Amino acid sequence: MAEKTAANAAPAAITLIEAITQALAYEMRNDKSVVVLGEDVGVNGGVFRATAGLSATFGPERVLDTPLDETTIAGLTVGMASQGMKPVAEAQFDGFMYPMVDFIVCHAARMRYRTRGRLSCPMVLRVPWGGGIRAPEHHSEANESIFTNVPGLRVVMPSSPARAYGMLLAAIREPDPVIFFEPKRIYRQYKEVVADDGEALPLDVCYVLRDGTDLTLVTWGAQVKETLEAADALAKEGISAEVIDVATLKPLDFATIAESVSKTGRCVIVHEAAKTAGFGAEIAARLAEESMYDLVAPVERVTGYDTHIPLFRLEMKFLPSVDKIVAAAKRAVAHS
Amino acid sequence: MTIAAHFDIEYLQYLGPDGKLVADLPKGFDPKSLLPLFKQMLFVRVFDTKSIALQRTGKLGTYAACLGHEATHVGIGSSMRPEDVFAPSYREYGAQFMRGVQPREVLMYWGGDERGNDFQIPRNDYPWCVPISTQCLMAAGAALAFKLRKEPRIAVACCGDGGSSKTDFYAAVNSAGAYKLPLVLCVINNGWAISVPRSAQTGAETLAQKGIAGGLHCLQVDGNDLIAVLEAMRRAGERARNGEGGSVIEFMTYRLHDHTTADDARRYRGEDEVKAGWTREPMLRLRTFLTAKKLWDEAQEKAWLEECGKLVDVEINAYLESKVQPVEAMFDYLYADPPPDLLAQRAAAIALEKRNG
Amino acid sequence: MANKTASTKKFLLPDLGEGLPDATIVEWFVKVGDTVRLDDNLVSMETAKAVVEVPSPVSGKVLKLAGGAGDVIVTGTMLAEFEIDPSMPQRAEGQDTGHHHGGAAAHETHGGAGTDAPSDNGHQVIASDEGGTISDAGTPAPKGEAGEKRDDAGTVVGAMQSSDAIRTEAAVAVGGVKAMPAVRALARKLGVDIARVRATGPDGVVTMDDVKRAAADGSAKPGAAPASRAVTQQVQDTPAANAQRTPMSATGRPMRTQPPSVQASGQPEQLKGVRRNMARVMADAHAKVVPTTLVDDADLHAWIGKQDITARLIRSIVAACKAVPALNAWFDGDKLVRTMHPHVDIGIAVDTDDGLFVPALRNADMLDANGVRGAIQRLRAQVEDRSIPASELSGYTISLSNFGMFAGRYATPVVVPPTVAIIGAGKLMHDVVAVMGGIEVHRRMPISLTFDHRAATGGEAARFLKALLDDLARPN
């Protein structure tokens with residue numbers, strides 16, 4: 001396979017998962033310190049095909065199949081990163097990443113801090129995230145809140161193929177550890193033209209996807225889809241909703257949210273994870289601290305229930321839906 | 001009956017507890033080479049003693065003493081090259097001093113200051129590691145980096161007998177075998193994991209043989225015999241550098257002090273055992289051996305100990321005179337690119353500090 | 001999903017393994033017309049993995065079979081059709097688990113928004129996506145390759161919605177600035193005020209390069225204005241917001257000034273009632289009247305005892321009107337007609353939360369001090385409880401604004417047609433005045449007189465003012 005970038009050809013329309021592959025390939029071509037590791041990432045190309053073709057192109061010394069142990073993956077990644085490599089590890093599923101928490105919290109998040117900058121940990125941990133694919137238990141976790149309270153980490157979640165490409169490049173180039181959650185429900189949901197030009201998109205900022213004046217819808221991940229659909233439905237009833245994709249949960253760009261709420265006066269937060277102490281709570285607290293006098297309505301949160309995501313028969317009842325978002329928006333808009 | 005696999009664990013010992021050789025010296029081994037290392041071991045003991053005293057007089061936080069481990073530690077450290085990487089647990093000062101870590105850095109760490117981890121000389125070595133045995137797996141990662149980059153460097157990690165029970169240790173063993181890594185795992189078996197004796201840790205007959213499960217070379221040595229330590233490290237280092245893969249070395253020694261200064265070992269082990277430990281301690285036998293070879297005597301020791309005292313005091317004073325980091329040091333090493341919210345908190349902390357004088 | 005008429009059942013080929021797109025018929029164990037029992041062997045099928053026996057899902061009569069030995073049936077398409085015999089044992093209808101990996105299948109699109117029925121020729125079904133700001137440019141999926149190539153499910157568990165529909169995100173216009181979300185995000189990241197960036201994209205869109213350039217040359221730093229910028233409805237609705245950009249300044253740095261309305265953060269409110277009226281009336285007055293103002297101070301030094309200031313003011317106005325009737329008149333600017341009044345009805349400005357009321361104190365020339373006081377109290381009360389009739393809010397011949405209760409010395413109060421004069425009384429002050437032989441401190445009241453110069457002369461105004469001041473200066 002030619003190593004030449006596809007930048008010379010007309011850029012293709014690709015899915016989110018293909019955008020991941022494209023970003024990995026670009027960065028591996030241009031930075032020899034980038035290696036990919038995880039279970040089944042080599043010949044199999046990853047269970048979601050995120051690393052499809054990379055082993056054939058770059059060889060087994062750049063694309064490593066690991067033994068079946070998440071602790072091993074996390075520990076080797078931290079070890080390599082702290083010795084000057086840029087490992088991009090894959091956790092096979094969100095529900096399997098818990099043994100990695102030790103290395104992420106105790107070492108990745110602390111390496112720079114502990115050694116006063118002498119050592120650092122420029123790693124990326126890619127995690128297929130969230131529900132909605134009718135999977136067995138432990139394959140549908142929305143567990144971002146575990147990490148958003150840990151100093152020293154970045155927590156990032158793209159919601160489109162273009163943002164997946166650009167933000168993954170940014171994450172790999174970031175000198176500090178990034179947990180990169182990929183909403184698996186939208187891995188193949190649609191295609192977008194994404195030029196393979198190596199342009200990173202900024203982390204640490206929200207993406208305003210839609211302009212509006214009556215309320216601000218704040219969300220991330222796969223729920224961006226439902227939130228945009230809800231905005232459409234609201235528009236038909238004359239309610240103009242601004243839609244913000246948080247994109248980087250940590251560190252949070254609250255300024256964009258505050259600016260929007262100062263205009264609209266109402267905020268509805270949408271997330272898949274369970275309600276209590278979900279990341280929406282942090283945004284709601286910030287709104288109470290800093291946007292109190294801009295708000296004309298209580299903050300609404302449309303979230304998963306405080307229960308484990310059920311198996312697929314009830315799964316869609318657990319997840320936020322367009323109807324639930326529209327109802328919350330209307331409750332907010334009833335206040336003036 | 002067909003045997004699918006079998007293993008033997010070799011035990012190395014050259015110098016017995018009484019200072020007499022129990023086996024022929026390794027080929028080409030020069031006893032004179034032991035002298036500078038013996039002196040280093042004495043320095044470590046002086047440092048260790050003074051550090052305990054510092055803690056007991058309220059000048060140091062909790063401290064993990066290395067009393068009795070000097071041969072193992074100094075032997076491991078002296079067997080490494082500058083370009084190698086060392087991953088300690090939190091006790092191996094003797095090894096770290098050989099690598100260029102300064103005593104004042106050890107004191108800063110136990111004295112509650114992160115700057116202790118900012119080693120001035122071994123810039124790539126890992127800092128002290130509290131989550132048990134995770135250093136073994138990180139060292140495996142480092143070894144993997146060396147292998148992928150085709151660098152002639154090895155990684156050496158130390159853990160205790162308790163540490164060999166940990167998931168991360170097994171993960172390191174397995175990774176080292178799966179990837180044939182240039183890794184040396186040093187299991188320093190000092191008999192106790194705080195209050196839990198070695199016998200309660202595992203059903204395995206030796207700790208060294210845990211490496212067999214990963215396909216590594218395994219060796220058990222008398223960790224109080226510096227010659228055995230050096231020979232074991234020489235073999236493992238050579239294998240690693242020749243691309244023959246990783247090793248597990250179990251160093252048999254004894255923890256002559258408490259687990260840390262916050263521990264009281266009398267709660268769980270008897271005085272007789274400790275007394276017996278002292279009869280096997282590394283300094284005694286090496287002193288006897290070197291004195292018999294006319295390489296050492298009482299007068300030299302007295303003079304050297306005095307000089308060690310002075311050197312250690314310089315380090316202690318440097319630590320005691322160091323100023324507390326400014327409050328913003330809490331914020332300055334989280335991200336290369338700190339986000340605005342964090343900078344706002346940093347500013348608030350500085351302002352609060354100013355107001356409080 | 002089974003399609004069912006009254007007593008027939010179409011049996012669709014289930015996924016015989018994990019993610020198998022089709023299977024080949026090896027051998028039928030029944031033929032059309034046969035009676036078959038639930039779970040009897042129906043057919044043996046060969047898949048990519050194995051030969052599998054498929055049992056009958058119902059008891060009944062075989063109506064149709066989908067092919068013969070050697071035929072390939074796509075997962076999810078019809079394998080057989082039965083007439084159900086209710087007298088024989090049947091199985092409960094279970095839910096389709098929706099696990100169809102690759103190949104044509106009746107996907108349950110998430111949110112239950114309808115299913116796409118499989119077509120009989122096995123073309124791949126595309127799940128449709130509705131909604132979003134995003135334009136769909138759906139392209140049909142390529143037909144699966146013939147031969148052994150299996151469609152890659154792209155997952156080891158679950159069922160993932162898959163589509164070839166192409167979307168593009170549109171540029172978002174926030175605050176009158178059009179930019180793609182990623183460009184806006186980059187501007188924030190780089191600390192660039194996107195409103196100040198020179199846009200070079202089509203249709204006035206700000207591009208990535210525009211933002212990077214602005215960051216590099218420091219030309220679009222955020223201003224001192226607070227980060228929260230509410231955008232008024234008007235600016236947003238103006239599609240030509242971009243047209244308000246000014247041309248580049250001579251230094252080459254892009255400059256853009258905006259009207260204050262873009263930066264305000266208050267909430268617009270529609271004026272109603274009294275305020276609305278005031279706005280109209282004042283605008284009307286401004287358009288017609290030619291105002292001229294004289295100011296002076298009334299010296300109250302000679303006053304004996306405590307006196308009602310408003311009553312004295314009223315009396316002084318009456319005195320002045322008697323002295324110079326020209327200012328107690330109505331003027332019609334269109335017809336150029338002046339009507340001088342024999343009586344004096346004074347319009348007293350009363351300030352309320354809802355706005356300015358001007359009730360008329362009728363026949364002020366006839367009232368004594370008590371009468372004035374009583375009338376004023378009655379007017380205030382009526383204004384306060386809004387019981388004052390509309391007729392009493394007009395028809396006055398001259399006006400008084402006693403603004404000095406709060407602050408201010410002199411003013412240029414507004415003459416409201418058809419009157420031609422208004423007196424403004426400022427804050428009572430103790431002033432240092434020069435007198436013959438020295439300095440004294442006198443209590444004084446600043447008085448402003450604005451008159452409509454179309455209807456009265458400066459001389460008339462001055463004489464009116466003098467008469468007013470003289471009366472105010474009297475001891476009682």
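# Exercises on a predicted three-chain model

A network of salt bridges links A:Arg154, A:Glu174, A:Asp204, B:Asp337 and C:Lys189, where a salt bridge is a side-chain nitrogen of Lys or Arg within 4 Å of a carboxyl oxygen of Asp or Glu. The model is predicted, so local features need pLDDT of at least 70 and side-chain atom pairs count only at pLDDT 80 or more, while totals for chains, interfaces and linings use all residues. Residues are numbered from 1 along each chain as its sequence is written, chains are lettered from A and ligands numbered from 1 in the order in which they are written, and side-chain values use heavy atoms, with hydrogens and water left out.

## Exercise 1: Salt bridges

Find which parts of chain A are tied together by the pair A:Arg173 and A:Glu27, and state whether each residue is buried or exposed.

Step 1. The side chains of A:Arg173 and A:Glu27 meet in a salt bridge, at 2.9 Å from N to O. A:Arg173 lies in helix H7 (residues 161-173) of chain A and A:Glu27 in helix H1 (residues 16-30) of chain A, so the pair ties together parts that are 146 residues apart in sequence. Helices (H or I, at least four residues) and strands (E, at least two) are DSSP runs, numbered from the N terminus.

Step 2. Buried means under 20% relative accessible area, exposed over 50%, and partly exposed in between, with a 1.4 Å probe and protein chains only. A:Glu27 counts as buried because its relative accessibility is 5%, whereas A:Arg173, at 34%, counts as partly exposed.

Now treat the pair C:Asp164 and A:Lys191 in the same manner.

Step 1. In this salt bridge the closest N and O atoms are 2.7 Å apart. The pair crosses between chains, from C:Asp164 in the loop between strand E9 (135-137) and strand E10 (166-168) of chain C to A:Lys191 in the loop between strand E7 (178-183) and strand E8 (192-193) of chain A.

Step 2. C:Asp164 is buried, with a relative accessible area of 17%, and A:Lys191 counts as buried at 18% relative accessibility.

## Exercise 2: The nonpolar core and helix H9

Describe the largest nonpolar core, and then examine how helix H9 of chain A is placed.

Step 1. A nonpolar core is a set of buried Ala, Val, Leu, Ile, Met, Phe, Trp, Tyr and Cys residues joined through side-chain atoms within 4.5 Å. The largest one has 87 residues, and those with the most contacts inside it are A:Met97, A:Leu125, A:Ile257 and A:Ile283. Helix H5 (residues 134-148) of chain B gives the largest share of this core, 11 residues.

Step 2. Contact means heavy atoms within 4.5 Å. Not counting residues up to four places away in sequence, A:Leu125 touches residues including A:Ala89, A:Met97, A:Ile104 and A:Phe180.

Step 3. Nine of the 11 residues of helix H9 (residues 254-264) of chain A are buried, so the helix is largely enclosed by the rest of the structure. Among these buried residues are A:Phe254, A:Ile257 and A:Lys263. Just after H9 of chain A, A:Gly265 takes a positive phi of about 80°.

## Exercise 3: The interface of chains A and B

How many residues does each chain bring to the contact, and what area is buried between chain B and chain A?

Step 1. Chain B brings 46 residues to the contact and chain A brings 43 residues.

Step 2. Buried area is the accessible area (1.4 Å probe) that two parts lose on being put together, summed over both. Between chain B and chain A this area is about 3600 Å², of which carbon and sulfur atoms give 60%. B:Leu148, B:Tyr333 and B:Tyr335 supply 18% of the area that chain B buries against chain A, more than any other three residues.

Step 3. Three salt bridges are found across the interface of chain B and chain A, and the side chains of B:Glu114 and A:Arg116 meet in a salt bridge at 3.8 Å, N to O.

## Exercise 4: Two chains side by side

Set out the secondary structure and the buried share of chain A, and then those of chain C.

Step 1. Chain A has 12 helices and 14 strands, and of its 336 residues 68% count as buried.

Step 2. Chain C has seven helices and 24 strands, and of its 476 residues 38% count as buried.
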